[in-house]
Amino acid sequence: MPKRKLRGQTQLEQATGRAEMKTRSRTDLMDRLAQRPPRSEEMDADQKWSDVWPAARTFAASVVPLPVRMGSRPNTEKRAPFKKEGNLELVKIPNFLHLTPAAIQQHCEAIKKFCTPFPPELLNTPELAKTELPISVDYNTYVHQGTNIRDIRSRVVTMKVQVAALKFSEHALEKFARLAANRYDETTGILTIITDRCHTRKQNIDYAYYLLTVLYHEALKVESWEKLSARADALKVDFDGSTTKSRLVEIIEKTHVDEKSMESFGKMWNEYRNTEETPEKTREYARRAKEILGLRKAEV
Amino acid sequence: MLRSIQHVENQLSQSCRHISTTSTLCKNRAGKTKSTTNRTQLLTYEMAQKPHHLGVRKSWLTWHSQNLEEFRQSQPLVVAQDEVVRRFIRGFFPQNLIVSGNEIVIKRRGNVLIVAGFLQYSRRLDIRRIYWMFGFAEEFLSILLKQPVKLELAFVESEKDVAYNYI
């Protein structure tokens, strides 16, 4: 009787599931050549990972030499979560294996030669941008997914201009304000041009610059009929030529008020008439009016 | 034959309309698997998790951004494309499928469509043949869907490698 199990015995055990079925490599040479350990087992510890995984791609268990596991188990102490080979959850999720710190550094080094440093003056004083860079152009870019990755909203361009940088005269500024209408915000001094009528962003930016040029040159022009404008046509009420002034002059002639206080009162009057009315401003107006007329100061 | 046609005509002339009614089958079967006595039924992770675990324990088989608000939405197109891709992969790699090709992940990034998932070596994996098939499938689907299609299907030895549990 030999010591090893008889063939019939092993067959019986295999059939009943007590013995492990040994699978031998097939005699086929192609099969034996096709067998190869996964790539992750042959990797060096000091290899360049960005060469192995240069771009975004789906997780591949045979390439990543990390002992990753993913998935839930009712009791992880008893049975560890699902292994990385054949793990569909790892395949599903987007991974950032191509964006390792080293890879990002390498990328930054490569594109450094195309970049210029950010102006240090602007870093120190951000208000400098207002005077030095009076035009700002805003647009949105949309990251999309689908057969067509264009987005119609990306064509919209918003251009903001600091009008003070255009150095208009008083007359030109008034004409400019009339032409720009609600696009010009007087309180902040910013002109906002939004263009979306052309198909591409480039065309819209060009159109915005064209509009700015036209506005500027139109504002500088003085037409012959502009001389005909009367006091009532002005955008703002002026102290000079007002009935207040003429009446005041009459009174002053009687009370002998000097030119300086007249001037300062005119300045206050201009501000009072051309800005929003508040109780404080009205009180100030009353105080100054009494002062200039030499009346007794109002008690608070 | 003529007689039979006559017979059909007679039947048609005599037929009248009926409403067919059946009792409702109140059966909720989603995510319920029947276990076997000797625990031979293979369950993948995808199958083992219940539908209400979607987004918690398991993630989606299709990834796209067409359901984002304010973006141009074409969900029906995406669903149709997915079905085309899945059916094509199922039909094109019949020998290499695991779990009858139900678990193919489709991811969309930019204008690229990425097909991921697992295939098995069947009897023998002819590398030349499989490369050719991958190339053909990519090219064919790219032309069909008018966008680049990439196959990132990985190979496992057999269906056992994706088994999460046996019930």
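The questions and answers below go through contacts, helix packing, backbone angles and cores in a predicted model.

Me: Which strand gives the most to the side of chain B that touches chain A?
Reply: In the contact between the chains, 30 residues of chain B meet 22 residues of chain A. Helix H2 (45-48), strand S3 (104-109), strand S4 (112-120) and strand S5 (149-156) of chain B each supply at least two residues of that side. The top contributor, with 4 residues, is S4(B).

Me: How many residues of the side of chain B that touches chain A are charged?
Reply: That side of chain B divides into nonpolar, polar and charged residues. The nonpolar residues number 10 and the polar residues 10. The charged residues number 10.

Me: Are H8(A) and H9(A) parallel or oblique to each other?
Reply: The axes of helix H8 (residues 170-180) and helix H9 (residues 201-220) of chain A come within 8 Å and cross at roughly 135°. Angles over 145 degrees would count as roughly antiparallel, and 65 to 115 as roughly perpendicular. The crossing angle therefore makes the relation of H8(A) to H9(A) oblique.

Me: How many charged residues are in the contact of H8(A) with H9(A)?
Reply: H8(A) brings Ala172(A), Lys175(A), Phe176(A), Leu179(A) and Ala180(A), while H9(A) brings Leu215(A), Glu218(A), Ala219(A) and Leu220(A). By class, 7 of the contact residues are nonpolar and none is polar. The charged residues number 2.

Me: Is Lys167(A) buried or exposed?
Reply: Lys167(A) lies in the loop between strand S2 (157-162) and H8 of chain A. Its phi is positive, about 55°, although it is not a glycine. Because Lys167(A) has 8 C-beta neighbours inside 10 Å, and 12 or fewer is the cut-off, it counts as exposed.

Me: Is Ala181(A) buried or exposed?
Reply: Ala181(A) sits in the loop between H8 and strand S3 (184-185) of chain A. Its phi is near 50°, positive in a residue other than glycine. Since Ala181(A) has 7 C-beta neighbours inside 10 Å, it counts as exposed.

Me: Which strand gives the most to the largest nonpolar core?
Reply: This core has 27 residues, and those touching the most other members include Leu88(A), Val91(A) and Phe118(B). Helix H4 (88-92) of chain A and H2, helix H3 (75-92), S3, S4 and S5 of chain B each supply at least two of its residues. The top contributor, with 5 residues, is S4(B).

Me: Which residues of chain A does Phe118(B) touch?
Reply: Residues up to four places away in sequence are not counted. In chain B, Phe118(B) touches Ile98(B), Leu153(B), Ala154(B), Val156(B) and Val162(B). In chain A, Phe118(B) touches Gly86(A) and Leu88(A).

Note on methods. Residues numbered from 1 in each chain as written. Chains lettered and ligands numbered in written order. Predicted model: local features only at pLDDT ≥ 70, side-chain atom pairs only at ≥ 80, totals over all residues. Contact = placed C-beta atoms within 7 Å. Nonpolar A, V, L, I, M, F, W, Y, C, P; charged D, E, K, R; others polar. Axes fitted to C-alpha atoms, helices over the stretch in contact; angles between N-to-C directions. Parallel < 35°, antiparallel > 145°, perpendicular 65-115°, else oblique. Buried ≥ 20, exposed ≤ 12 C-beta atoms within 10 Å, placed from the backbone. Core = buried A, V, L, I, M, F, W, Y, C linked by C-beta atoms within 7 Å.
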